[in-house]
Amino acid sequence: MGSGDKVGMSQSKTPTIAVVTGASGGVGAQTARLLAERGYRVALVARRRNVLDEVAGAMPEDAQPIVIPVDLSDPDAVESVIAPALETLGPVGVLVNAAGQGYYRPFLATASEPHRRLMNLHYGAAGELIGLVLPGPLD
């Protein structure tokens, strides 16, 4: 299969949905672009809508990306924002959990709430998303 082949199409010729968290920069943004170039319909998930809009605008014209601005460190984010969006899109074929954040200060000098939010972003939200989309790829 050549690098230009459209692998993100189902047999019915509808694009397979790919959800990419952390899609506003770095690995997430690059992965989202590559998936769009390969024919996937990409749901871009990150905190900053303006940056997600820029990433979406840089995708191929026929990509039709979906922008989902949400802070995944919020414990209610997956249930209140992501789940309803995915119900509208249909089954997800690819999930890329690339969202990440860090606090670069002494551990003991940081209140407990930022640590809870980081744990939710890196573990809680990632696990919830896996549970939410896993039935799609297994069907």
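The lining of the largest pocket in this predicted model is mixed in character, with eight nonpolar, seven polar and three charged residues. Together these make up a lining of 18 residues, and those nearest the pocket centre are Gly-22, Ala-46, Arg-47, Ala-99 and Gly-100. The space enclosed comes to about 250 Å³. Two elements, helix H1 (26-37) and strand E2 (41-46), each give at least two residues to this lining.

The pocket belongs to a chain with five helices and four strands. Read from the N terminus, the elements follow the order β-α-β-α-β-α-β-α-α. Of the 139 residues in the protein chain, 36% are buried. Among contacts with a separation of 6 or more, 57% join residues 24 or more positions apart.

Strand E1 (residues 17-21) offers a good place to look at such packing, and Thr-21 is found in this strand. Is Thr-21 buried or exposed? With a relative accessible area of 1%, Thr-21 is buried, because the cut-off for that class is under 20%. Leaving aside residues up to four places away in sequence, Thr-21 touches Gly-28, Val-45, Leu-72, Val-96, Asn-97, Ala-98, Ala-99 and Leu-129. One of these partners, Ala-99, is also listed with the residues nearest the centre of the largest pocket. Another, Gly-28, falls within the range of helix H1 (26-37), while Val-45 falls within that of strand E2 (41-46).

Leu-129, a further contact of Thr-21, leads to helix H4, where Leu-129 is one of the buried residues. Helix H4 (residues 112-133) contains 22 residues, and the distance from its first C-alpha to its last is 30 Å, close to the 32 Å expected at 1.5 Å a residue. Even so, H4 bends by about 45° at Asn-120. Asn-120 is itself buried, as are Pro-114, Leu-118, Leu-121, Ala-125, Ala-126, Leu-129 and Val-133 in H4. Several of these positions can be read against the helical repeat: an α-helix has 3.6 residues a turn, so residues three or four places apart point the same way. Leu-118, Leu-121, Ala-125, Leu-129 and Val-133 are among the buried positions that can be followed along H4 in this light.

A last point of interest concerns the backbone at Gln-64, which has a positive phi of about 50° although this residue is not a glycine. Gln-64 lies in the loop that runs between helix H2 (49-57) and strand E3 (66-69). Gln-64 counts as partly exposed because its relative accessibility is 49%.

How values were computed. Residues numbered from 1 in each chain as written. Predicted model: local features only at pLDDT ≥ 70, side-chain atom pairs only at ≥ 80, totals over all residues. Heavy atoms only, no water. 1 Å grid on protein atoms, 1.4 Å probe; cavity = no way out; pocket = protein on both sides within 12 Å on 5 of 7 lines; lining within 4 Å. Points joined across faces, edges and corners; volume = space filled by probe spheres on them. Nonpolar A, V, L, I, M, F, W, Y, C, P; charged D, E, K, R; others polar. Expected span 1.5 Å × (residues − 1). Bend = angle between axes of the 7 residues up to and from the residue. Buried < 20%, exposed > 50% of the residue type's maximum accessible area, 1.4 Å probe, protein only. Contact = heavy atoms within 4.5 Å.
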